[in-house]
Amino acid sequence: VIRCRAAVAWAPGKPLSIEEVEVAPPKAGEVRIKLVATGICRTDEHLLQGCIPRAEFPVIPGHEGAGIVESIGEGVTSMKPGDKVIPLCVPQCGECSFCRNPESNFCQKSHFSEPQNLLPDKTSRFSCKGKEIHHFLWVSTFAEYTVVPEYAVAKIDAAAPLDKVCLFACGFSTGYGAAINTAKVKPGSTCAVFGLGGVGLSAVMGCKAAGASRIIAVDIDKDKFAKAKQLGATDCINPRDFKKPIQEVLTEMTGGGVDYSFEVIGHADTMIAALASCNMSTGICVMVGELDSGSEISIDPTLLLTGRTWKGSVLGGWKMRECIPKLVSSYLEKKFNPDLMITHTLPFAKVNEGFELLHAGKSIRTVLLF
Ligand code: COD
Ligand code: ZN
């Protein structure tokens with residue numbers, strides 16, 4: 001058993017508290033990881049607010065981490081102590097029908113199908129003050145050590161800087177993959193990205209990498225435009241600068257609508273605006289943002305009748321275990337630069353300060369260092 005620090009959420013709506021926790025050794029098929037860095041994502045904020053269905057408290061949040069294998073359980077063959085790894089909040093068991101489908105990245109062992117509050121054997125590896133603490137999506141990266149099933153861990157290049165590639169566990173991969181895998185953006189095409197947070201900026205990078213010739217970035221915060229331009233946006237527009245609805249502005253700007261639009265905000269009105277902004281016959285709209293659970297939207301079905309496609313994806317559609325290592329290698333070859341998303345770096349103990357930056361809209365991504 002390892003004693004170490006972790007950020008524990010004892011109940012919804014409360015700040016995290018840094019505690020000494022016990023982390024049990026990995027059982028068969030599991031890996032214990034020493035975290036080096038973790039990002040703070042809005043999904044962690046949703047968890048703290050109690051908005052993630054079926055998550056249980058007390059819990060150790062965090063799902064955007066990178067670290068080093070400390071020890072392995074019986075039967076683990078794909079990694080050894082000392083390897084650099086990224087724990088995956090969408091696993092790849094390799095056996096379920098989704099994993100066997102080359103088009104899908106949505107392992108049936110993910111939290112949409114079965115709760116990941118405990119490890120697969122239905123027990124926790126974490127305890128604190130004699131109480132069992134729940135895992136979050138199996139990864140719980142707000143801890144100095146965590147235990148994860150082998151099939152929810154990707155082994156990455158030994159040269160990877162862990163304080164940067166932690167973003168590949170969620171934010172970067174989600175936006176970049178939405179353009180590359182879900183939309184399958186074609187060279188020479190026109191794209192619109194709604195929302196220029198870390199995920200939206202990653203979608204801009206994906207459109208650029210796919211060869212889009214025009215990338216229109218849409219945000220109500222003009223302070224986001226400089227970075228969007230740096231990453232490949234050709235036009236930046238603020239919906240508040242126009243009297244007309246933004247979908248009409250985009251349709252006029254492009255002579256009929258964009259080829260691909262991305263909603264990376266998570267609001268009902270921008271979801272509909274993004275759908276209406278793409279070409280009525282061949283346009284593809286990708287939903288990345290998530291509405292509060294229980295919320296619904298309604299649309300005019302003629303938006304789809306004329307030929308538009310409306311799609312979504314989780315974590316950018318990547319089969320995480322096999323694709324994250326390749327993305328990290330491309331990053332090391334300087335094919336894209338998600339480092340620009342990291343606006344703040346804080347010591348792990350200041351995790352609540354990181355959430356304050358997120359609330360205030362001051363950060364794109366905060367990375368915590370252990
Ligand atoms: N019009 C234009 N821009 C807007 C509007 C509006 N009406 N409202 C807000 N914005 C802008 C904000 O100014 C901000 O720049 C941006 O939208 C949102 O950025 P962030 O920093 O809040 O968000 P991100 O990029 O970190 O995350 C956005 C998501 C939509 C991905 C996220 O909030 C979400 O819904 N996540 C769940 C979905 C998911 O796949 N997550 C990954 C697995 S955890
Ligand atoms: Zn996330």
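When I say helix or strand today, I mean DSSP runs, with at least four residues for a helix and at least two for a strand, numbered from the N terminus. Hi everyone, and please keep in mind that this is a predicted model.

Let's use those words straight away. UniProt, in an unreviewed entry, lists residues 13-368 as "domain: Enoyl reductase (ER)". In our model that span is 26% helix and 22% strand, and the C-alpha atoms at its two ends lie 21 Å apart.

The domain assignment cuts the chain in another way. It gives domain 1, made of 2-169 + 337-369, and domain 2, which is 175-314. The centres of domain 1 and domain 2, taken over C-alpha atoms, are separated by 29 Å. As for how they meet, 13 residues of domain 1 are in contact with 11 residues of domain 2.

Now to the ligand. Which domains contribute to the shell around ligand 1? Domain 1 and domain 2 each supply at least three residues. Altogether, 23 residues surround ligand 1, and the closest are Arg42, Thr43, Asp219, Lys224 and Glu290. If you sort the shell by class, you get seven nonpolar, 10 polar and six charged residues.

Here are some polar atom pairs to look at on the screen. Two involve the backbone: a polar backbone atom of valine 199 sits 3.0 Å from an oxygen atom of ligand 1, and a backbone N or O atom of isoleucine 220 is 3.5 Å from a nitrogen atom of the ligand. Arginine 365 uses its side chain instead, with a polar atom 3.4 Å from an oxygen atom of ligand 1. How much of ligand 1 does the protein cover? On its own the ligand has 920 Å² of accessible area, and the protein covers 86% of that.

Which elements give two or more residues to this shell? They are helix 1 (42-48) and helix 5 (198-209). Helix 5 provides the largest share, three residues.

Before I stop, two backbone details that you may like to find for yourselves. Between phenylalanine 57 and proline 58 the peptide bond is cis, with omega near -10°. Proline 58 belongs to the loop between helix 1 and strand 4 (65-72). The other detail is lysine 122, a residue other than glycine with a positive phi, near 70°. You will find lysine 122 in the loop that runs between helix 2 (97-100) and strand 6 (126-128).

That's my tour, thanks for listening!

Technical notes: Residues numbered from 1 in each chain as written. Chains lettered and ligands numbered in written order. Predicted model: local features only at pLDDT ≥ 70, side-chain atom pairs only at ≥ 80, totals over all residues. Heavy atoms only, no water. Near = heavy atom within 4 Å. Polar contact = N/O pair within 3.5 Å; in protein donor to acceptor, adjacent residues only side chain to side chain. Areas by Shrake-Rupley, 256 points an atom, 1.4 Å probe, with all protein chains shown as cover. Nonpolar A, V, L, I, M, F, W, Y, C, P; charged D, E, K, R; others polar. Domains from an automatic or database assignment. UniProt positions renumbered as here; feature names shortened; annotations may be inferred. Contact = heavy atoms within 4.5 Å.
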